[in-house]
Amino acid sequence: MGKIMFSSVTGKQQVLMLFLLEIILIAIIGTTMTYGPEANANLLKNHTGTNKSGQTKKPDDDPLRIYPMYQDVHVMIWIGFGFLMTFLKRYSQSAVGLTFLIGAILVQVALICDGMLHLKLGSPAPLSLGSLLSADVAVATPLISMGAILGKVTYMQLVLMGIVELIMFTANKYVGEHLFMVVDAGDSMFVHVFGAYFGLAISFVLGMKDKPEEHDLEGSSYQSDVFAMIGTVFLWLFWPSFNSAALTGDDQQRAIINTLLSISASCVITFAVSALVSKDKFNMVHVQNSTLAGGVAIGTAAGMMCQPVGALAIGAISGMISVLGYKYLTPIIQKRFHIHDTCGVHNLHGMPGVLAAFFGALMAGLATEASYSYALYEIFPARAPSSEAEIGKMRNYGISPGLNRTAYQQAGYQLLALAVTLAISIVSGLITGILLRTMICGRVTEQQKFDDVVVWELKSEFQHEIGTNRIDNTRFNNHIAMGNIQHVDISNI
């Protein structure tokens, strides 16, 4: 196995780095974090009691109410993302296994990053179920980026990428939510756009040195495509929870309804457009990915009053542009810019995320008190009146003074947040790509790409020599990967 790894020394160094990293995380969390008020046994309000009838009673505001949706998001991160990336015929173990590992590490990093924002001098940052939910959502960002460079980097390169990305993600989200006061209920801008373009920027840097070329292990098999569909179905089922978990009341109900409608429309349109551009047959790449585009595209406006027809329309549009992106745009990006996008994150997360930002800005610009009543100022806190005289009658509804923004100003800030997200993700992604090329975390050679044998102990019947005649245990390869999908002729484009 020593010859297969990047080198026996480098391989051992990566293992030691993994041990050291977890020790550092334990030390940081141990010294800077503690249970939040909701989970603290020393607070009497957390204790249950009994009423006169002898029945157990719970606190009026039960924080466990979000646990079911938190668990839905949990499933999306580890099963949904993991299995979605198993389409590569010789990299399925790495897709699921490394998602498991990277997710477990980065959820701790995400808790630390979020905790730093709530850290007060002399007191540790509080941990609660809400913190865990925020961390899970944050972890989705580097896992999206992972899809762009899957099979081309070591697991420690993925860890390093994830740590840097979560730091920049936290900074960008703080700017968007607290300084710009924008609305992004389903994190389409902060998670999907950021993750996609961060990963594509890294892929661009990696492609500058090694021009992306077709690889003999970059395709799928019949079995690997079926496994990837497991991830698709889990993500499709639980996406309404992802977009609504952080919301409450009628906002949450709208987000669930809007997401279900949008993702249903994107599913149907994906099948239709896929058959249209694939000689009247469905393509598994499109079905595995573009069917989910509606969940991304509705994210920013998920809690807004976009009406059922608006949710259906944006889902249909996203499904169409995602399929067309896989068919025509991905080969152009690879040929012209040397950006190899293994999982096609630009088509599932990037473009639908940008579409979500524009749709969110449109809905923000159309939002009026006539259609929202006082809930307008709950959804858009910056639009609340700034004077005490005007806000007085709204205090009974929990409205606090805002910045007195107009609808058009709010729409402008929504677009500004998109521009800033793109800028931060691309610039930080380029810098991270340069950092990964220093090989401080190992390196995968061209012959080792997309191959589980580099990382995993495989049964003898699956062993084969890297760089020589490969043994492919599948009967056929029904399509190649995203970067070369369907051999589109782009020589004249």
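This report walks through a predicted model of one protein chain, from its overall make-up down to single residues.

## The big picture

Let's start with the parts list. The chain has 493 residues, and 54% of them count as buried. Its secondary structure comes to 16 helices and 4 strands.

How does the chain connect with itself? Take the contacts between residues at least 6 apart in sequence: 79% of these join residues at least 24 apart.

## How far to trust it

On average, the pLDDT of the chain is 87, and 86% of the residues reach at least 70. Not every stretch does that well, though: residues 1–9 have a pLDDT below 50, and this stretch makes 19 contacts beyond near neighbours in sequence. Residues 465–488 also stay under 50, and here the model has 76 contacts beyond four places in sequence.

Keep a simple rule in mind for such stretches. Where pLDDT is low, predicted coordinates should not be read in detail.

## Two helices to compare with a ruler

Try α8 to begin with. This helix has 29 residues, so at 1.5 Å a residue it should span 42 Å, and its end C-alpha atoms are indeed 42 Å apart. Just after α8 comes Lys-279, with a positive phi of about 55 degrees.

Now look at α11, which covers residues 307–337. A straight helix of its 31 residues would reach 45 Å at 1.5 Å a residue, but the end C-alpha atoms of α11 are only 39 Å apart. Where does α11 bend? Find Gly-325: the helix bends there by about 50 degrees. Just after α11, His-338 has a positive phi of about 55 degrees.

## Charged pairs

Side chains of opposite charge can pair when their charged atoms come close. In this model, the count of salt bridges is 6. One of them joins Asp-451 and Arg-90, with 3.6 Å from N to O. Asp-451 sits in the segment after α16, while Arg-90 is in the loop between α2 and α3, so this pair ties together parts that are 361 residues apart in sequence. Are these two residues buried or exposed? Both Asp-451 and Arg-90 are buried.

Another salt bridge pairs Asp-187 with Lys-173, and their closest N and O atoms are 3.2 Å apart. Asp-187 is in the loop between α5 and α6, whereas Lys-173 is in helix α5, 14 residues away along the chain. Asp-187 and Lys-173 are both buried as well.

A third example stays inside a single helix. Arg-254 and Asp-251 form a salt bridge with their closest N and O atoms 2.6 Å apart. You'll find both Arg-254 and Asp-251 in α8, 3 residues apart, or about one turn of the helix. Salt bridges can share partners too: Lys-173, Glu-177 and Asp-187 are joined that way into one network.

## The nonpolar cores

In soluble globular proteins, nonpolar side chains tend to be buried together. Here, the largest nonpolar core has 88 residues, and the members touching the most others are Ile-77, Leu-158, Leu-166 and Trp-239. Which helix gives the most to this core? That's α4 (residues 129–149), which supplies 12 residues.

Zoom in on Leu-166. Beyond its neighbours within four places in sequence, Leu-166 has contacts that include Leu-106, Val-109, Cys-113 and Pro-142. There is also a second, separate core of 23 residues, with Ala-311, Tyr-377, Phe-380 and Ala-384 among them.

## Two residues up close

Let's finish with a pair of single residues. Thr-31 is in helix α1 (residues 8–32). Its relative accessibility is 64%, and the cut-off for exposed is over 50%, so Thr-31 counts as exposed. Along the chain, Thr-31 and Ser-123 are 92 residues apart, yet 9.9 Å separates their C-alpha atoms.

Leu-129 belongs to helix α4. With a relative accessible area of 17%, and a cut-off for buried of under 20%, Leu-129 is buried. Leaving aside neighbours within four places in sequence, Leu-129 touches Pro-63, Leu-64, Ile-66, Tyr-67 and Tyr-70. The C-alpha atoms of Leu-129 and Ile-66 are 7.8 Å apart, although 63 residues separate the two along the chain.

Note on methods: Residues numbered from 1 in each chain as written. Predicted model: local features only at pLDDT ≥ 70, side-chain atom pairs only at ≥ 80, totals over all residues. Heavy atoms only, no water. Helix = DSSP H or I, 4+ residues; strand = E, 2+ residues; numbered from the N terminus. Expected span 1.5 Å × (residues − 1). Bend = angle between axes of the 7 residues up to and from the residue. Salt bridge = Lys/Arg side-chain N within 4 Å of Asp/Glu carboxyl O. Buried < 20%, exposed > 50% of the residue type's maximum accessible area, 1.4 Å probe, protein only. pLDDT = per-residue confidence, 0-100. Contact = heavy atoms within 4.5 Å. Core = buried A, V, L, I, M, F, W, Y, C linked by side-chain atoms within 4.5 Å.
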